[in-house]
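Subject: Structure for your review

Dear colleague,

Please find below the sequence and structure that I am handing over to you. My findings follow directly after it.

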Amino acid sequence: MSNESINWDKLGFDYIKTDKRYLSVWRNGEWDKGTLTEDNVLHISEGSTALHYGQQCFEGLKAYRCKDGSINLFRPDQNAARMQRSCARLLMPHVPTDVFIEACKQVVKANEKFVPPHGKGALYLRPFVIGTGDNIGVRTAPEFIFSVFAIPVGSYFKGGMKPHNFQISSFDRAAPQGTGAAKVGGNYAASLQPGAEAKKANFADAIYLDPLTHTKIEEVGSANFFGITANNEFVTPKSASVLPGITRLSLMELAQSRLGMTVIEGDVEISKLDRFVEAGACGTAAVITPIGGIEYNGKLHVFHDLEKVGPVTQKLYNELTGIQSGDVEAPAGWIVKVA
Ligand SMILES: *Cc1c(COP(=O)(O)O)cnc(C)c1O
């Protein structure tokens, strides 16, 4: 595919087949040396554990075009480390950090023409590990595949950020000591029905409460929650079943170091939403989605405004996206240049 058919201003978040993807196979206790391939179809055993028992995990990160034409990866070491933790939780072999980052770099370079121009989105990278090989019993797979593919994606909000409304779900996405902190497909399978129900009721997505007491906010769809208090505090849930997002981690660090805020990882009681003057959901795909209101027991709790973005949310957004696209100086180690 050529990039001439891509309208950079119309890019959304849809699968587009790009030229090359990285593929490595684990067999007899080790990863092979890995190759770039044009084939976007995997040929795997019908007995693969990924198909039957959910033995798989994934990552998501973006490559950004800078004003000078160079390309930034944002904190890929953090994605590598998180994928290692996900693999450990599901008894899959881990991919070393240097192999992970090198695979991402190779995929970006091989698909360079698909990296959108500065400010027009990014090249989204999707690394994943799946259990493969002939098998039928419930056990870890005899073979694994590690792959990274790439698709160009647009800016999430065309024409600026806009608040969205969310609905508290009565479903759980993960169990208290389950796999909530691992980036695994099973959590997403569990979120499809609640997500669809929230969307049917005209909300952007479902919000999940803590699975033990159902009194505290944990996740906003497939993104992390944060709230801003009038006392200049950045608050985000602390729980063993929250996915430790890299956007969230970065916002916590920026809130403290650049905005002089107090960062609190703690309980976010659904009965005490009044303490927040702004709220948002954060993650690689959407960056920051400001939360206009949250519906709970038939009542909509409104934060800053249903239409306007709060000033602190806007500052955090500008700082983070500025760093990612090379316009704002990054904290040491956050940016890895592709070329
Ligand atoms: C990936 C993910 C996030 C966000 O993580 P980032 O590293 O910021 O992209 C948040 N919640 C869930 C459930 C996720 O899967």
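In the charge count used here, Lys and Arg are positive and Asp and Glu are negative, while His and the chain ends are left out. On that basis the protein chain carries 35 positive and 36 negative charges, and the mean positions of the two sets are 2 Å apart. Please note that this is a predicted model.

As to the overall form, the protein chain has six helices and 18 strands. Its C-alpha atoms occupy a box of roughly 55 × 50 × 35 Å along the principal axes. The radius of gyration is 20 Å, which agrees with a compact globule, because a globule of 339 residues would have a value near 20 Å. Of the 339 residues, 51% are buried. Of the contacts between residues at least 6 apart in sequence, 70% join residues at least 24 apart. The accessible surface is about 15,400 Å², and carbon and sulfur atoms account for 51% of that area.

Turning to the interior, the largest nonpolar core comprises 37 residues, and Leu73, Phe100, Val108, Leu125, Val129 and Phe146 have the most contacts inside it. Among the elements that give two or more residues to this core are β1 (21–27), α2 (76–89), β7 (122–132) and β8 (143–153). The most comes from α3, with six residues. Beyond its neighbours within four places in sequence, Val108 touches residues including Ala63, Leu73, Leu125 and Val338. Another core, of 22 residues, lies apart from the largest one and includes Tyr64, Met161, Ile246 and Leu254.

Yours sincerely

Key
Residues numbered from 1 in each chain as written. Predicted model: local features only at pLDDT ≥ 70, side-chain atom pairs only at ≥ 80, totals over all residues. Heavy atoms only, no water. Helix = DSSP H or I, 4+ residues; strand = E, 2+ residues; numbered from the N terminus. Rg over C-alpha atoms; globule rule 2.2 N^0.38 Å. Buried < 20%, exposed > 50% of the residue type's maximum accessible area, 1.4 Å probe, protein only. Contact = heavy atoms within 4.5 Å. Areas by Shrake-Rupley, 256 points an atom, 1.4 Å probe, with all protein chains shown as cover. Charge placed at Lys NZ, Arg CZ, Asp CG, Glu CD. Core = buried A, V, L, I, M, F, W, Y, C linked by side-chain atoms within 4.5 Å.
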